[in-house]
Amino acid sequence: MNFSVLKSATYSTVVVPKPASQSDLFLHSNNHPSRHARAFLPRCSFNEMPQKSMAKKTAYAKIREELKLDAKPKMNLASFVTTSMEEECNTLMMESFKKNYVNMDEYPATTQLHNRCVNMIARLFNAEIGENENAIGTGTVGSSEAIMLAGLAFKKKWQNKLKAQGKPYHKPNIVTGANVQVCWEKFAMYFDVELRKVDVGEGYYVMDPTKAIEMVDENTICVAAILGSTYNGEFEDVKLLNDLLLQQNKKNGWDTPIHVDAASGGFVAPFLYPELEWDFRLPLVKSINVSGHKYGLVYAGIGWVIWRGKEDLPQELIFNINYLGADQPTFTLNFSKGSSQIIAQYYQLVHLGREGYQRVMEKCKENAMVVKQGLEKTGCFNILSKDNGVPLVAFSLKDTSHGDEFKISEMLRRLHGWVVPAYPMPSGAEHVNVLRAVVRAEFSREMAEKLVLDIENVLQELGKLGPKYTPKVTKIAKRKIIVRESNKHHKVLAA
């Protein structure tokens with residue numbers, strides 16, 4: 001994948017013929033199928049292991065043909081997960097597939113790369129660590145595991161405190177918004193923690209810090225803030241939450257902390273909004289998770305959790321094992337784990353650097369603006385996402401009399417191959433349905449324009465656009481961007 005910035009150019013409107021549906025592509029993708037592709041198993045065998053072996057080329061051709069029914073990953077705008085990486089990184093990943101990361105003594109170089117990633121990300125989040133100090137954190141399979149680990153640390157620390165005070169410690173709770181990702185509900189269910197959700201409201205689709213504070217009590221193990229809501233990409237006001245919670249803690253003699261779920265926004269905010277205070281600059285933020293496989297620009301299967309300091313990770317949660325050849329610590333929910341994604345994350349961090357990530361995130365934001373402005377010009381949509389947030393566009397119909405958001409989602413996939421999900425907003429605004437297009441690094445300017453044209457075609461089919469409507473293509477002006485203070489000497493020219 002080429003992360004270089006697109007040069008500015010004049011774009012003309014092009015009428016694009018409707019592509020065949022996915023089923024048509026599947027059925028006619030090979031007019032002369034090989035003998036391998038024709039050797040399908042009978043349907044009754046789909047759930048049973050075959051009695052006899054199959055030639056490797058036959059198995060490959062059969063599975064490859066069946067997988068053509070999947071959506072194209074690049075056109076899956078439902079997902080935040082990276083779907084394209086550079087060939088050099090792909091090669092590194094292929095060369096390391098055989099390495100089990102848990103074997104740290106056998107693979108010391110890989111362990112070093114992991115630790116460097118933790119240190120780089122911790123400093124990106126403004127952790128207070130010395131030049132030669134190591135940060136406290138670990139790689140995970142994704143943000144779900146990272147959140148489980150952070151939640152367990154909060155719960156254990158809270159339990160230890162109440163035990164020492166001779167108080168009951170059996171009813172912990174977490175306060176968060178109703179827009180929370182499902183992994184928080186999993187944590188609450190799996191580890192017996194009450195999840196107190198702050199309802200959102202129409203026009204305000206994230207957690208309101210003032211309402212969150214009202215739900216906090218001495219049994220609250222943490223308040224979880226979301227930096228990049230799954231529903232509309234919006235950043236919650238972590239600074240306001242921190243300030244209000246400081247007052248609440250002082251008033252009641254509590255020490256309720258904050259966890260920031262930066263799964264989507266953790267690799268966005270430092271480069272697009274470096275002055276935004278959401279991380280370890282705020283005293284109550286004790287841990288942060290981020291998904292390396294989202295805007296960290298790595299394929300699915302890597303997340304990170306960083307703690308403010310050693311005192312925020314109870315030592316009894318860290319296990320030591322000696323049966324892999326040496327004494328080594330471990331703090332993960334799973335045991336065996338591939339090394340490829342860790343190596344890929346390190347590649348991206350050192351290859352792109354702060355300048356490169358700045359460039360990529362700015363390109364994502366600009367392409368999101370192309371989609372947003374194109375949708376606004378149709379006059380058919382309300383935009384529910386914010387310009388300053390995760391690069392995505394969340395939008396709803398102003399008039400559903402000729403088809404709703406779910407119909408548009410279905411037609412975009414059936415007629416044009418785009419996966420643009422439709423769903424209701426969370427508790428407090430369930431009556432609002434929304435469509436969401438996530439703009440990732442591999443989503444180009446041309447794809448943004450094509451998406452807008454295809455949405456216009458769907459609107460025309462539904463009779464939502466008048467006969468005199470003329471499609472227009474958004475042009476983004478060239479401008480200069482200065483990266484954050486620590487890299488002030490870098491200047492990046494963005495198209």
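Entry 1, helices α5 and α6. I call a crossing left-handed if the near helix is turned anticlockwise from the far one by less than a right angle, and right-handed if clockwise. The model I am looking at is a predicted one, and I began with the pair α5 and α6. I found that the axes of α5 and helix α6, the latter covering residues 182-190, come within 9 Å and cross at roughly 45°. That angle is neither under 35 degrees nor in the range 65 to 115, which makes α5 oblique to α6. Viewed for its sense, the crossing of α5 and α6 is right-handed. I then listed the residues that make the contact, which are Ser144, Ile147, Met148, Gly151 and Leu152 on α5, with Cys183, Trp184, Lys186, Phe187 and Tyr190 on α6. Sorted by class, this contact of α5 with α6 holds 7 nonpolar, 2 polar and 1 charged residues.

Entry 2, the second largest pocket. Next I looked up the second largest pocket, and its space came to about 350 Å³. It is lined by 17 residues, and those closest to its centre are Trp158, Lys161, Asp255, Thr256 and Pro257. I asked which elements give two or more residues to this lining, and they are α5 (143-164) and β4 (220-226). Of the elements, α5 gives the most, with 5 residues. By class I noted 6 nonpolar, 4 polar and 7 charged residues in the lining of this pocket.

Entry 3, helices α3 and α10. I turned to helix α3, residues 87-96, and helix α10, residues 340-378, whose axes come within 8 Å and cross at roughly 150°. An angle over 145 degrees counts as roughly antiparallel, and α3 and α10 are therefore roughly antiparallel to each other. In handedness, α3 passes α10 in a right-handed crossing. On the α3 side I recorded Glu88, Cys89, Leu92, Met93 and Ser96 in the contact, and on the α10 side Ser340, Gln341, Ile343, Ala344 and Tyr347. The class count for the contact of α3 with α10 is 6 nonpolar, 3 polar and 1 charged residues.

Entry 4, helices α10 and α12. I stayed with α10 and checked how it lies against helix α12, residues 445-461, and found the two packed at an angle of about 20° with their axes 9 Å apart. Since angles under 35 degrees count as roughly parallel, α10 is roughly parallel to α12. The crossing of α10 and α12 is right-handed. From α10 the residues Asn367, Val370, Val371, Gly374, Leu375 and Thr378 meet Arg445, Ala448, Glu449, Leu451, Val452, Ile455, Glu456 and Leu459 from α12. I counted 8 nonpolar, 3 polar and 3 charged residues in this contact of α10 with α12.

Entry 5, cavities. How many cavities of 30 Å³ or more does the structure hold? I found 5 of them, and I followed up the second largest, which has a volume of about 100 Å³. Its lining consists of 15 residues, and those nearest its centre are Ala368, Lys386, Asp387, Val390 and Leu392. The elements that give two or more residues to this lining are α10 and β11 (392-397). The element that gives the most is α10, with 4 residues, so I entered this cavity beside my notes on that helix. By class the lining of the second largest cavity has 9 nonpolar, 2 polar and 4 charged residues.

Conventions:
Residues are numbered from 1 along each chain as its sequence is written. This is a predicted model: local features need pLDDT of at least 70, side-chain atom pairs count only at pLDDT 80 or more; totals for chains, interfaces and linings use all residues. Side-chain values use heavy atoms; hydrogens and water are left out. On a 1 Å grid over the protein atoms alone, a cavity is a set of points where a 1.4 Å probe fits but cannot get out, and a pocket is an open set with protein on both sides within 12 Å along at least five of seven lines; lining residues have an atom within 4 Å of a point. Grid points are joined across faces, edges and corners, and a volume is the space filled by probe spheres set on the points. Ala, Val, Leu, Ile, Met, Phe, Trp, Tyr, Cys and Pro count as nonpolar, Asp, Glu, Lys and Arg as charged, and the others, Gly among them, as polar. Axes are lines fitted to C-alpha atoms, for helices over the stretch in contact, and angles run from 0 to 180 degrees between N-to-C directions. Contact means heavy atoms within 4.5 Å.
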